[in-house]
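Reader: I would like a close look at a single part of this model, with the cut-offs stated as you go.

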Amino acid sequence: MNATDAAAFLTLVNARRGHFLLESGHHSQLWLDLDALFAEPNRIAPFVAKLAKAIQPHAVSSVCGPLLGGAFLAQLVALALGVEFCFTERVMPRESGGLYRARYLLPAAFTARVRNSRIAIVDDVMSAGSALRGTFAELRAHGAQPVVAGALLVLGSAGASHFVDQGVAVEAVAREKYDLWLPSGCPLCSSGVPLEHMAGTAQGDTEAADAKSLPPASS
Ligand SMILES: [Zn+2]
């Protein structure tokens with residue numbers, strides 16, 4: 001992990017800096033186009049190789065990622081490590097309210113395979129890490145042992161700290177500072193920077209889920 005990796009990754013996802021209104025209602029100063037990430041597999045390959053190398057010492061027998069981006073990445077990392085692959089699917093319960101309410105379910109085909117096994121959970125980008133938190137809880141519920149959480153890019157410290165507190169190692173190819181604000185506390189609004197409305201564009205599904213789950217003024 002170094003500054004060059006972060007810069008290269010941010011170029012890969014067409015990162016823009018400015019003042020953005022996210023679907024969640026939060027304002028941010030960084031925008032990533034995660035949908036573009038897997039469009040050219042050869043461009044993402046060096047990052048996948050670095051993440052696989054970082055995960056290797058954890059001696060996992062499977063790699064699991066939340067659909068969509070996390071699962072694409074999990075399959076590539078599993079192939080690089082020569083281990084099994086599985087994924088979780090996001091389900092939103094009907095009742096709203098509460099943090100991290102989205103659930104990530106493991107398809108029945110994988111439940112017997114993951115029991116009692118050491119697993120890596122991965123996502124393309126982790127900020128608050130709601131998709132990886134949900135995947136972690138689901139795997140534990142099926143008797144699996146998630147021992148490492150990996151991401152190509154870790155934004156801020158909210159997600160990473162959560163996993164470290166749980167005794168789960170965090171591996172990242174790149175790390176970047178990240179701030180989200182409620183409109184009332186946004187310093188960019190205070191200084192009159194024009195706001196771009198980004199709802200409905202491609203911040204990426206898991207990242208949007210993270211943004212919805214973040215408490216105010218988290219970084
Ligand atoms: Zn603002």
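In which sense do strand β6 (residues 118–126) and β7 pair, and over how many bridges?

Author: This is a predicted model, in which local features need pLDDT of at least 70 and side-chain atom pairs count only at pLDDT 80 or more, while totals for chains, interfaces and linings use all residues. Residues are numbered from 1 along each chain as its sequence is written.

β6 and β7 pair in the parallel sense, over eight bridges. Helices (H or I, at least four residues) and strands (E, at least two) are DSSP runs, numbered from the N terminus, and two strands pair if DSSP finds at least two bridges between them. One of the partnerships is that of V125 with L153 in β7. Between the two strands the chain passes through α5, and this β-α-β crossover from β6 to β7 is right-handed. The term right-handed applies if, with the strands pointing away from the viewer, the path from the first strand over the helix to the second runs clockwise.

The connecting helix, α5, covers residues 130–141. The expected span of a helix is 1.5 Å times one less than its number of residues. For the twelve residues of α5 that gives 16 Å, and the end C-alpha atoms are 17 Å apart, which agrees. Nine of the twelve are buried, so α5 is largely enclosed by the rest of the structure. A residue is buried if 20 or more other C-beta atoms lie within 10 Å of its own, exposed if 12 or fewer, and partly exposed in between, with C-beta atoms placed from the backbone. The buried residues of α5 are S130, A131, L132, R133, G134, T135, F136, E138 and L139. Just after α5, G143 has a positive phi of about 80 degrees.

Strand β7 itself (residues 145–155) is mostly covered, with nine of its eleven residues buried. β7 also runs parallel to strand β8 (residues 169–176), to which seven bridges join it. Within that pairing, V154 has R175 of β8 as its bridge partner. A second right-handed β-α-β unit is made by β7, helix α6 (residues 158–165) and β8.

L153 appears again in the largest nonpolar core, which has 56 residues: V63, V77, L152 and L153 touch the most other members. A nonpolar core is a set of buried Ala, Val, Leu, Ile, Met, Phe, Trp, Tyr and Cys residues joined through C-beta atoms within 7 Å. In soluble globular proteins, nonpolar side chains tend to be buried together. Not counting residues up to four places away in sequence, V63 touches A74, V77, A78, L81, V83, F85, A120 and V122.

β6, β7 and β8 are also among the elements that cover the buried residues of α2, together with α1 (3–12) and α3. Those buried residues are I44, F47, V48, L51, A52 and I55. α2 has a kink of about 30 degrees centred on F47, where the bend is the angle between axes fitted to the seven residues ending at a residue and the seven starting there.

One backbone detail belongs to the approach to β6. N116, in the loop between α4 (108–114) and β6, has a positive phi of about 65 degrees although it is not a glycine. Most residues other than glycine have a negative phi. N116 counts as exposed, with 9 C-beta neighbours inside 10 Å.

Definitions and conventions. Two residues are in contact if their C-beta atoms, placed from the backbone, lie within 7 Å.
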